[in-house]
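Biologist: Could you take me through one part of this protein closely, starting from a single buried histidine and working outwards? I would enjoy a connected account rather than a list.

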Amino acid sequence: PRSGPAMGLAPMVATPRDGSPDAASTHRWTHREGEERPLLDPYRKIECYSLSEPHCDIHDGIDGPHINSYDVQKLTTFRVFFVISGTVLGNVVLWVETIIGACVFWSVWMSVYHFSWEGLDKFVGKEGNIRAFIAMFTTLVGLLLSFYTSMNINRWWAMRVQGVGGIWQACTKLTLLIGSGVTRDEQVLESTWRYACASLAFVFMQRGGTENKIGNLHKRGLLTEAECQQMAQIPDTQRAEAVWTWLGNLVSQLNAQGLINGPPNYAGLMNTVDDGRNAANLCNVYLDTPVPMVYVHLLGLIVKLHNLVIAILMGILSAKHFYSHDNLGAFRTMFRAFFMPFLYNAILLINDDISDPFSGDLSDFPLQKIIDDIKEDAQSIVACGSQKNLPSWLTKGRKFEKWVPLGPESSAA
């Protein structure tokens, strides 16, 4: 927020350490009275290197452990070498793939070194030609992986902002409109956030394979036992959208009782309900329509073929360098044999993870945290709109003047 004399706050004034003009370049900020430390503490920036604080906040809720937040600085400094939990390095598949590639590399290396012969250099040929072939292959795989990753990140972002965020926004807006201009009935306002959170939970349950455990929603306080039994009769793929029908019926009943001020407001409330249903539909559409299998198959095939070719060719070159007592060249080829396949395998696994952020993995969307935040938002809006929490000038029954547009004569004046 902006601060300054207009807001009743003393401005921050830069003053020199002494009265000389030369000291003006080495000034320090004066602080307001009672301020314990500067607003910009340079020493706080190096706290990101601390190993005593975790790099991420992992919450172990009803739906399992999930990452709620993380420290960006710990992942963009040398502190990143001590980060494993919640990253692709914790994926056992990555290490299995790496071990398979290592087995191929060392098998070729030992075979070439053991059966080395006088014409080995001529058999291998120029190393530059091999590196040019590998560079062409690596560039092609890199482009395909970049396109695939970009597409999956865009899908992930849409599911988070337009899907989860859309349900959240619809719940908050509906609570605000009903609580501020329709009714303050506690059951009505509570049902708004309960059904919205239940819609989101149904998406998670379907992807996590727990759609038959609908009683968990009663344990979370989202549905009553009777409501769970009613939703159990609906196909699991339709529950996330169907629950918004209850909110639509609620709005219609409020309109039938004359609590909604006119058809435009009724239409606005129904549009908000439909926005929530549409957000749930967006999540289902993205999850039910993955990237075409033929593309994923071709990409996976090319990446694994690339990794095998790298392991074989680098194994031959490394053995040749070692046989020629070129230890630096042997190390260089070994590094490339492991680094590029490791990187491409990691990118594939990351894409596999972000393609379905509702499946219950550690890095997926944290359902319990989102539910708690939606609930707190709705309850805060309801509480802030109560009579005792309104500003005093809004509770005095003051009559406000109607805005009147200026006429031609007033405009000319």
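Modeller: Happy to; what follows starts at H306 and then moves to the pocket, some other positions and the cysteines. Please keep in mind that this is a predicted model.

Let us begin with H306, which sits in helix α11, the run of residues 293-323. Its relative accessibility is 0%, so H306 counts as buried; the cut-off for that label is under 20%. The side chain of H306 has a polar partner: a contact of 3.1 Å links it to the side chain of T138. If we set aside the neighbours within four places in sequence, H306 touches F137, T138, V141, M340 and Y344. T138 therefore appears twice, as a contact of H306 and as its polar partner, with a buried residue on the H306 side.

Those neighbours bring us to two helices that also matter for the pocket lining. Helix α4 spans 127-181 and α12 spans 327-354, and each supplies at least two residues of the lining of the largest pocket. Strand β4 (64-70) and helix α13 (367-384) do likewise. With five residues, α12 provides the largest share of that lining. The pocket has a volume of about 1000 Å³, and 33 residues line it. Nearest its centre are I67, G86, T87, D353 and S363.

Staying with helix α4, we also find G166 there. G166 has a relative accessibility of 17%, so it too counts as buried. Beyond its neighbours within four places in sequence, G166 is in contact with V161 and A279. There is a long jump in sequence here as well: G166 and D275 are 109 residues apart along the chain, yet their C-alpha atoms are 7.0 Å apart.

Helix α10, residues 263-288, holds another position worth a look, N284. N284 is buried because its relative accessible area is 7%. With neighbours within four places left out, the contacts of N284 are V203, Q206, T237, A240 and E241.

For contrast, try F82, in the loop between α1 (72-75) and α2 (92-114). Its relative accessibility of 55% means that F82 counts as exposed. F82 and Y49 are 33 residues apart along the chain, with 9.9 Å between their C-alpha atoms.

Now to the cysteines. A search of the whole structure turns up zero disulfides. C197 shows the reasoning well: the closest cysteine sulfur, in C171, is 5.9 Å from its own, so the two are too far apart for a bond. The cut-off for a disulfide is 2.5 Å between the sulfur atoms. C197 is buried, since its relative accessibility is 0%. C56 is buried too, with a relative accessible area of 10%.

Finally, let us step back to the whole protein. Its secondary structure comprises 14 helices and four strands. Of its 413 residues, 34% count as buried, with H306 at 0% relative accessibility being one example. Among contacts between residues at least 6 apart in sequence, 71% join residues at least 24 apart. As for the surface, the protein exposes about 25600 Å², and 61% of that comes from carbon and sulfur atoms.

Conventions. Residues numbered from 1 in each chain as written. Predicted model: local features only at pLDDT ≥ 70, side-chain atom pairs only at ≥ 80, totals over all residues. Heavy atoms only, no water. Buried < 20%, exposed > 50% of the residue type's maximum accessible area, 1.4 Å probe, protein only. Polar contact = N/O pair within 3.5 Å; in protein donor to acceptor, adjacent residues only side chain to side chain. Contact = heavy atoms within 4.5 Å. Areas by Shrake-Rupley, 256 points an atom, 1.4 Å probe, with all protein chains shown as cover. 1 Å grid on protein atoms, 1.4 Å probe; cavity = no way out; pocket = protein on both sides within 12 Å on 5 of 7 lines; lining within 4 Å. Points joined across faces, edges and corners; volume = space filled by probe spheres on them.
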